[in-house]
Structures are given as structure tokens and as C-alpha cells.
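Q: I'm new to this one, so could you take me through a single helix up close, and then show me what else is worth a look around it?

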Amino acid sequence: MRILSPAPTTLLAAMAALSAASHAGAQPAPSAAGLTAITDKIFSAWNSTHSPGCAVGISRGGTTLLERGYGMADLAGERPITPSTFLESGSVAKQFTATAVMLLVADGKLALDDDARRYLPELRQYDRPITVRHLLTHTSGLREWSNLVAWQGWPRGTRVHTQGDAFRIITDQQALNYPVGDHYSYTNSGFLLTRTLVERVSGMDFEAFTAARIFAPLGLTNTSWRGDFTRIVPGLSQAYRRNGTGWRLDMPGDNVIAAGGLWTTVGDWLRWNEHLTKKTLGSAVVDSLTRQMKLTSGLEISYALGLMVGQYRGTTQIGHSGSTAGYSTYLARYPQLGNLSIAVLCNSAGAPATAYTHAIVDALHPELTRTPAPDTVAANQSTLLAWRGSYEDGRWHTMTRLDTSGGVLRMGTTPVRTLRNGAVLLGNQETRLGLSADGKTRTLRAVTSDGDSVVWTLRATEQWTPDAAALQPFVGRYRNEEIGVTFTVSVLNGALTVSPRRGVTDTLTPTVRDAFNSKGGAVWFTRGKGGAIREMHFGESRVWDFVAVRVP
């Protein structure tokens with residue numbers, strides 16, 4: 001395996017920047033060779049000519065310290081990943097789309113708190129107006145478009161979706177996940193609508209506008225959108241997904257951009273972060289990107305405009321992750337660590353780009369506060385066993401099962417641990433066990449990282465195990481006009497199945513009476529007068545309650 005060169009910067013400049021680490025109490029900075037050794041260790045699993053891999057870039061105070069590639073950009077063509085390899089951004093692209101909107105705000109052509117219907121009249125009139133700000137902060141309540149096309153029987157990658165397709169299915173939705181502004185629920189739909197908004201307000205094609213107003217002025221010469229996925233781009237990496245012991249291609253196969261779909265390099269991402277630090281596009285534009293959103297309750301969440309603002313080991317972290325098909329990415333900057341920037345772009349599905357970024361921070365700043373281990377105490381299993389059962393979350397209706405194994409209460413295979421503060425750990429999630437005043441209703445309440453809470457309610461102590469005869473009442477046809485699909489529900493080999501179109505079938509797993517798990521989330525049925533099945537519902541984290549009505 002040939003060794004790939006460090007960043008195109010002088011050794012003197014790199015050494016100067018390394019020594020300029022300004023974090024209080026920082027450990028001595030590694031040399032350029034030491035920095036290379038750090039990334040070689042972190043990305044060692046990809047240091048091969050027989051696997052995909054990652055590109056990594058590190059800068060501090062505007063000086064590039066390292067740009068390096070590991071693994072292969074093209075396994076068939078035997079082309080390695082180098083610092084100049086183009087990879088796809090995933091959702092890291094959202095900050096560029098938000099910047100396009102803020103440039104139009106600076107031009108005086110729109111305001112973040114404008115009703116989005118002013119520019120997108122195709123949107124339905126909901127109980128509260130969806131503002132431009134809601135579109136950019138995942139607080140609009142809009143359903144995720146990719147789930148909707150999947151329920152049509154055409155998940156991403158099975159046919160070529162266009163901006164027009166996505167726009168129509170989003171604006172055809174008659175209901176939202178929740179009242180506008182009440183919650184944070186990650187969805188690409190708002191950013192796809194924003195693409196059309198930018199085009200209508202600016203009078204320019206979205207790709208042309210961002211090239212003229214962002215990429216060209218900032219010298220991001222290696223950055224462009226995947227507006228035509230069939231376009232041949234010299235230097236573009238292929239993306240892969242594991243297939244047993246080997247690999248198979250997993251490339252994005254649609255022309256839907258703005259929520260993702262940006263081709264770029266680690267060098268351009270480092271330059272972008274430095275322009276954000278310098279506020280090259282103006283303070284009004286850049287400062288808005290990191291202004292965190294507030295829900296209607298007044299709760300401030302970590303999501304801003306296409307960026308997340310939070311803490312990592314006690315220091316401010318401004319960043320975003322990305323994942324599209326076989327690409328996995330992360331871009332972050334740490335203002336309190338001498339304006340440290342780290343860019344990671346991988347061409348393997350599931351590659352932990354965020355974890356790699358944090359491993360680099362850990363290696364460069366071991367003095368940062370470590371997250372303390374959970375303060376657990378010995379669990380009283382006889383008390384915990386009373387909480388055995390299936391719990392339904394109050395948002396997207398998925399089921400969490402707490403069950404016993406060897407006399408120990410577990411969630412899946414993970415034992416439930418008790419914390420000294422009286423809460424329990426379900427996996428790594430701190431959760432409060434609750435009991436109603438009458439002692440009849442048990443609940444699990446977990447607080448999200450933003451301070452919001454999700455409540456699960458006990459639905460049954462025993463797993464529901466219906467036979468084929470018990471499943472027969474669910475058999476039939478169910479129609480949803482919002483996506484134009486009639487679902488066929490059948491019993492096949494003793495299991496209930498749902499099919500949106502010929503050749504596409506999802507087998508359901510029973511959980512509690514009238515409810516099932518599917519590969520996409522939860523499916524449950526509601527009954528009308530007399531107990532007959534009337535509606536079928538779908539739910540998951542990005543589409544909370546999607547209804548199909550039974551038809552003759």
C-alpha cells in the first residue's frame with residue numbers, strides 16, 4: 001500500500017499551527033509526523049487496497065495540518081482515496097442550503113419568519129403557518145418524503161426520484177406529524193422545499209445560485225451538487241456497502257439535492273469551515289447559521305440552521321453528520337480548541353465518521369473532560385421484573401419490549417441497570433419509570449439530548465402471538481390518497497403481510513393486540529363500531545401516524 005502525501009502545506013506552517021493550539025491547559029501538540037500517526041491508527045481498518053475507506057482533513061486556526069486518504073475510491077478501477085478524491089456529503093450539505101437562504105435574507109428578498117406559503121403556495125394551510133425557519137430546523141412537522149415513496153413501494157435506490165417527485169409528495173400531505181413548532185423531528189422534506197423556494201425567490205437555478213454566491217466566491221472549486229447523478233465526474237469515488245465478506249456498489253441513484261447530494265473534498269470542507277470562522281459571507285449570514293431553534297414551549301434545541309450546536313467533552317462543537325447510500329460523513333469545528341476543524345468523508349455505508357472525528361479530538365486534546373461512567377447501583381430485580389412488558393411510545397407508536405432472561409429484566413439482550421438517582425438505563429438512555437396514581441398504568445419517560453421527553457406506555461405484559469385465523473380479520477385493502485396507494489394486507493405462511501404494489505411485500509411481526517413491527521417501523525390497526533378493522537396506521541421516527549382507510 002503506497003503512503004499518501006500529507007496536506008499541500010509547508011511543514012513549517014503545519015508545525016506553527018500545531019504549536020498554536022490555544023485551548024487552556026492543552027497538552028503539547030503532536031508534530032506533523034505525530035498527527036499522521038494518529039490518523040493512521042484511527043483509520044487503520046481502511047488502510048487497504050481491498051476495501052473502500054475515508055478521506056480526512058484537519059486544520060487549526062485556518063492552517064491545514066493534514067489531508068490524507070485511506071482505502072480505495074474505486075475497487076474495480078484500483079483507484080485509491082486521496083485528499084483530492086470527490087465524495088458525497090450526505091446531510092452535511094444542509095448548511096450550504098441554509099446559507100443560500102440567509103444570503104437571500106441579507107438581500108432583503110425574504111425573512112426567516114415569513115410564512116413559507118408566500119413562496120410555496122402548494123403547501124397546505126395547516127393550523128399554524130410553517131415558516132422558512134421551520135423548514136430549516138426540522139420543526140415544521142412535515143413528513144419525511146423518503147418514507148412516503150418507500151410506502152409507495154419505491155424506496156430510494158429502486159427508481160430515479162426527482163425534485164418534482166419529492167415536492168409533489170410533500171405538498172400532497174394533508175396532515176403533519178405534530179403541530180408546527182412543537183417538536184424537533186429530523187426530516188429532509190423541509191430542505192427539499194427550500195431548494196424550490198431559493199429558485200423562486202432568486203430567479204436562478206439552485207445549483208447556479210449556490211455556485212455563484214457561495215462556491216465560487218469562497219474558492220470551493222471542488223464542490224458541486226449531484227443534480228444529475230449520471231454526470232461523469234473525474235475523481236469521484238464509488239460508494240459501497242458490505243455484502244457478506246465482500247463489497248457491493250451502493251451509489252445514490254436520484255437527482256434530489258439540497259438536503260444532501262453535494263460532491264466535495266476534505267480540503268474544500270476545511271476551507272468552508274474557515275470562511276464560517278472568518279464570517280466571510282457576513283456576520284448576519286454566518287451568525288444565523290448557529291442560532292439554535294426554540295420550540296413553541298420555549299425549549300431551545302441543539303439544531304440551528306443546517307448545523308448542530310452542542311458540546312463534546314465540555315467544549316463547543318459545531319457540526320453535522322451525513323449519510324447517503326454508501327457514503328458516511330462528518331464535518332465539525334471547535335472554536336475553543338484554536339478553531340480546530342475536522343472533515344471526514346467515507347465511501348462505506350455505516351462507517352462511523354462521527355466517531356472518527358471524536359477520536360481525533362480525543363488524541364489531540366486528552367485534557368478534555370471525560371464523560372463520567374453511569375453511577376449505577378445494584379438492581380433490585382424483583383422490583384424491576386414488575387416492569388416486564390411491551391411499551392408503546394407516544395409519538396411514532398413503535399414498541400419497546402422489556403422482558404426477562406435468567407431472572408434479569410432486559411431490553412433486547414441488554415440488562416436494565418439502576419442509577420443512583422432512581423432512574424434506570426435502557427441501553428445508554430436514562431429513563432424514569434412511572435406509575436399512575438391508581439397503580440394501573442406503567443410508563444417509561446426518557447429525556448432527549450435537547451431536553452424534550454418521550455413517553456412509552458405499557459400496552460401488554462405478554463407478547464401477542466396470533467395464529468393464522470386470528471390474523472384473518474386484518475386481511476383486505478387499505479387506501480391512502482396522499483400517496484395514491486392501495487395496500488393489500490394478506491396472510492402468507494401464517495404471517496400478516498402488507499404490499500403497496502406487486503412484487504413488494506413486508507412481513508409483519510406481532511407485538512400487542514392489533515399492532516405489529518415492520519422493517520420500516522410500526523404498523524397498527526384501529527377498529528370501528530362493532531369491532532371491525534377500519535384503518536391501518538404506519539409510524540416511525542420521521543412519520544408519526546400515517547393512515548390508510550379500509551376499502552371494499
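A: Let's start with a bit of vocabulary: a residue is buried when its relative accessible area is under 20%, exposed when that is over 50%, and partly exposed in between, using a 1.4 Å probe and protein chains only. Helices (H or I, at least four residues) and strands (E, at least two) are DSSP runs, numbered from the N terminus. What you have here is a predicted model, where local features need pLDDT of at least 70, side-chain atom pairs count only at pLDDT 80 or more, and totals for chains, interfaces and linings use all residues. Residues are numbered from 1 along each chain as its sequence is written, and side-chain values use heavy atoms, with hydrogens and water left out.

Now for helix H2, which covers residues 32–42. Its buried residues are Ala 32, Leu 35, Thr 36, Ile 38, Thr 39 and Ile 42. Looking down the axis of H2, these buried residues fall within an arc of 155 degrees, so they line one face of the helix. (That arc is taken from the directions from the helix axis to the C-beta atoms.) Flip to the other side of H2 and you find Ala 33 and Lys 41 exposed.

Further along the chain, have a look at the one disulfide in the structure, meaning a pair of cysteine sulfur atoms within 2.5 Å. Cys 54 and Cys 346 are the partners, with 2.2 Å from S to S. The link is right-handed, with 100 degrees about the S-S bond. Because Cys 54 sits in strand E1 (residues 54–60) and Cys 346 in strand E13 (residues 340–346), the pair ties together parts that are 292 residues apart in sequence. Cys 54 is buried, at a relative accessible area of 0%, and Cys 346 is buried at 0% too.

Next in sequence after Cys 54 comes Ala 55, whose C-alpha is 8.9 Å from that of Ser 84, though the two are 29 residues apart in sequence. You'll find Ser 84 in the loop between strand E4 (79–80) and strand E5 (87–88). With 52% relative accessibility, Ser 84 counts as exposed. The side chain of Ser 84 also makes a polar contact of 3.0 Å with that of Thr 82; such a contact is a pair of N or O atoms within 3.5 Å, where within protein one must be able to donate a hydrogen and the other to accept it, and residues adjacent in sequence count only if both atoms are side-chain atoms.
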